[in-house]
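Reader: Hello! I have a structure open on my screen and would love a close look at one part of it. Could you walk me through it?

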Amino acid sequence: MNYCRYLLFCCCLLLAAVCSQAQDLDAFSYETYYHHGDTLRYRLLTPANYDVHKKYPLIVFLHGAGERGYDNNAQLLHGGTMFLRDSLRNKYPAFVLAPQCPTGSTWAPMSLERDSTGKIIRGDFPLDAPAPPATAALNVLLDSLLSSGKIDKKRVYIGGLSMGGMGTFYMITKRPELFAAAFPICGAGNVAAADRFARKVPVWIFHGGADGVVPVEGSRAYDAKLKSLHADYRYTEYPGVGHNSWDNVFVEPDLFRWLFSHKKK
């Protein structure tokens, strides 16, 4: 009898925790943007203590492949609660835009070859290919938000994990004039084109040294390239950490201070 009561108590605690997190994430409004027949679903977090007379920074956060879909929820699975911490929202008030990539699509044009375990063994990231529909819509949405008068155009930031890290590299390579800083996590990209954003967009690159999905060599290649270009960047590799290196990034004590220290001239 005591065991049953204990089990019921634990279930109630778990249910309360899940409901609490869902309510917290409801702070992100549900939004939809239509562009040339394509639908981009996204969530938008308004700055804490929002003042309509002020302009605020904007953080764009791109999710990974596992969070693709149409529910307009999954993209907040990793990182959503990070942006809701009172300590961060009060110290660094900003809009946070979290779009959702549809199933089967990607944030950047890419061709990936994987081994039998699912690990990427070869990747091509062409910059002359058309942007995927979701990214094309995201670019138009960004331009619309920037023209709204609510965003500080000198303080637009972008970050993302895994496929979103690839999207982050793609976006800053294609639009280096837009972003004040970026933080790609366990991503990859067109390293040969890094000169397009080097010395224009400060970057903090993160990767797990034991990543079994997206090889750490992709981030190491960016590290070497950006170093040779004398770029403003940081590189953090977590020894022994697998693909979920975002868990380490989300508790990096200096991430937001570093991010918000940058501003376009």
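Which residues does UniProt give for the feature "domain: Phospholipase/carboxylesterase/thioesterase"? Please take me through that part and what surrounds it.

Author: Happy to. Please keep in mind that this is a predicted model. The UniProt record, an unreviewed entry, places that domain feature at residues 54-248. The C-alpha atoms at the two ends of this span lie 33 Å apart, and the span is 24% helix and 26% strand.

Let's begin with the sheet. Eight strands make up an open, mixed sheet, and their order is β1-β2-β4-β3-β7-β8-β9-β10. At its edges stand β1 (28-35) and β10 (233-238); each has a single partner strand, so one side of each has no neighbour in the sheet. From one strand to the next, the twist averages 20°. One pairing to look at is that of β2 (residues 38-45) with β4 (residues 95-100), which is antiparallel and spans five bridges. There, Leu45 has Val96 of β4 as its bridge partner. Toward the other edge, helix α5 (residues 217-228) lies across β9 (203-208) and β10, and runs at about 150° to β10.

Now for the packing. Nonpolar side chains in soluble globular proteins tend to be buried together. Here the largest nonpolar core has 45 residues, and those touching the most other members are Leu58, Leu97, Leu138, Leu142, Ile172, Phe179 and Phe197. Elements giving two or more residues to this core include β2, β4, β9 and α5, while α3 gives the most, with seven residues. If you zoom in on Phe179, you will find that it touches Leu142, Ile172 and Lys264, among others. Apart from this core lies another, of 33 residues, and Val96 is among them, as are Phe83, Leu84 and Ile185.

Finally, the charged side chains. The model has seven salt bridges. One of them joins Glu113 and Arg122, at 2.4 Å from N to O; Glu113 is partly exposed, with 38% relative accessibility. Another links Glu177 and Arg175, at 3.7 Å. Its two ends differ in setting: Glu177 counts as exposed at 52% relative accessibility, whereas Arg175 is buried at 16%. A further salt bridge, between Asp254 and Arg257, has an N to O distance of 2.5 Å. Asp254 is partly exposed at 22% relative accessibility, and Arg257 is also partly exposed, at 40%. Shared partners join Asp143, Arg175 and Glu177 into one salt-bridge network.

Key:
Residues numbered from 1 in each chain as written. Predicted model: local features only at pLDDT ≥ 70, side-chain atom pairs only at ≥ 80, totals over all residues. Heavy atoms only, no water. Pairing = 2+ DSSP bridges. Helix = DSSP H or I, 4+ residues; strand = E, 2+ residues; numbered from the N terminus. Axes fitted to C-alpha atoms, helices over the stretch in contact; angles between N-to-C directions. Contact = heavy atoms within 4.5 Å. Core = buried A, V, L, I, M, F, W, Y, C linked by side-chain atoms within 4.5 Å. Buried < 20%, exposed > 50% of the residue type's maximum accessible area, 1.4 Å probe, protein only. UniProt positions renumbered as here; feature names shortened; annotations may be inferred. Salt bridge = Lys/Arg side-chain N within 4 Å of Asp/Glu carboxyl O. Lists of a residue's contacts leave out its neighbours within four places in sequence.
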